[in-house]
Amino acid sequence: MGSSNDPTSAAAKAANKPTPVVETDLNPANLSPQKNVVRRFYKDMWDKHDTSIVPDLIHPDFTFRGSLGPVLVGHAEFASYVRWLTGVLDSYTSDILDLVEEGSKVVGKLRFHGIQKGHLFGQPPTEEWVWWIAAAIFTFEDGKIKDLWVLGDVYGLVGRLKKSDSEIEFVADGAV
C-alpha cells in the first residue's frame, strides 16, 4: 500500500503537499546530451514556466501527445499548452524519477503536481495539491525533441480533483 514514494501518505495529506520523492541523478555532468535536453525540458521550461527556450529544445516539426490528452503540433501550440497548464496548476513541478535511453529515444518515469487554481477536467479549483504519474517517450532528431508521447494516470488525477477515492479496487487474493 504505502511507500516512501506514496504521494498519498498521511503526512502529505495533512500538509496538503505531495510526499517528497527521490529524483534520478539530474547533474548535467552525469547525463547524456539527450537526457540533459529532457532535464531542461522539465526543470527549466515546465517548472520555471519558461517557454522562451522551446526553440532550443524542440524540433520545428515537433509533435506532442500529452498526458492530459491533447495532440499538438509545433512550437506555438505546445508553448500555449505549457502556459495553460502552469496557469491552472500553481507551483507546477515535474519530478523526474527515472530516465532510460536507447538510440534516439529517452523514456522517463515522472510525477507532475501543483496547486489547482483553475478548472481542470470540468472540476472547479480545489486550491489543493493535485498530482499524477506518467511515462514519457521522447524521440530526438538533430539533438532536439522531434516527438513526445506521454501517458498519464488521468483516472487518478480526476479522482483527486473530485476529492474521491480514485484508487483501483483490486485486492490480491494470494493465489498463485
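## Lysine 43 and its acidic partners

In this predicted model, lysine 43 has a relative accessibility of 17% and therefore counts as buried, the cut-off being under 20%. Its side chain meets that of glutamate 23 in a salt bridge, with an N to O distance of 2.9 Å. This pair links distant parts of the chain: lysine 43 belongs to helix 2 (residues 33-46), whereas glutamate 23 lies in the loop between helix 1 (10-15) and helix 2, 20 residues apart. Glutamate 23 is partly exposed, at 28% relative accessible area.

Lysine 43 also forms a salt bridge with the side chain of aspartate 47, at 3.4 Å from N to O. Both aspartate 47 and lysine 43 are buried.

## Salt bridges of helix 2

Eight salt bridges are found in the whole structure. One of them joins arginine 40 to aspartate 44, whose closest N and O atoms are 3.7 Å apart. Both residues lie in helix 2, separated by four residues, or about one turn of the helix. Arginine 40 is partly exposed, with a relative accessible area of 25%, while aspartate 44 is buried at 18%. Arg39, Arg40, Asp44 and Lys48 are joined into one network by salt bridges that share partners.

## Surroundings of aspartate 95

Aspartate 95 is located in strand 3 (residues 89-102) and is buried, with a relative accessible area of 7%. Its side chain makes a polar contact of 2.9 Å with the side chain of histidine 113. Apart from neighbours within four places in sequence, aspartate 95 is in contact with Val21, Glu23, Lys43, Lys109, Leu110, Arg111 and His113. Among these residues are Glu23 and Lys43, the two partners of the 2.9 Å salt bridge.

Definitions and conventions: Residues are numbered from 1 along each chain as its sequence is written. This is a predicted model: local features need pLDDT of at least 70, side-chain atom pairs count only at pLDDT 80 or more; totals for chains, interfaces and linings use all residues. Side-chain values use heavy atoms; hydrogens and water are left out. Helices (H or I, at least four residues) and strands (E, at least two) are DSSP runs, numbered from the N terminus. Buried means under 20% relative accessible area, exposed over 50%, partly exposed in between (1.4 Å probe, protein chains only). A polar contact is a pair of N or O atoms within 3.5 Å; within protein, one must be able to donate a hydrogen and the other to accept it, and residues adjacent in sequence count only if both atoms are side-chain atoms. Contact means heavy atoms within 4.5 Å. A salt bridge is a side-chain nitrogen of Lys or Arg within 4 Å of a carboxyl oxygen of Asp or Glu.
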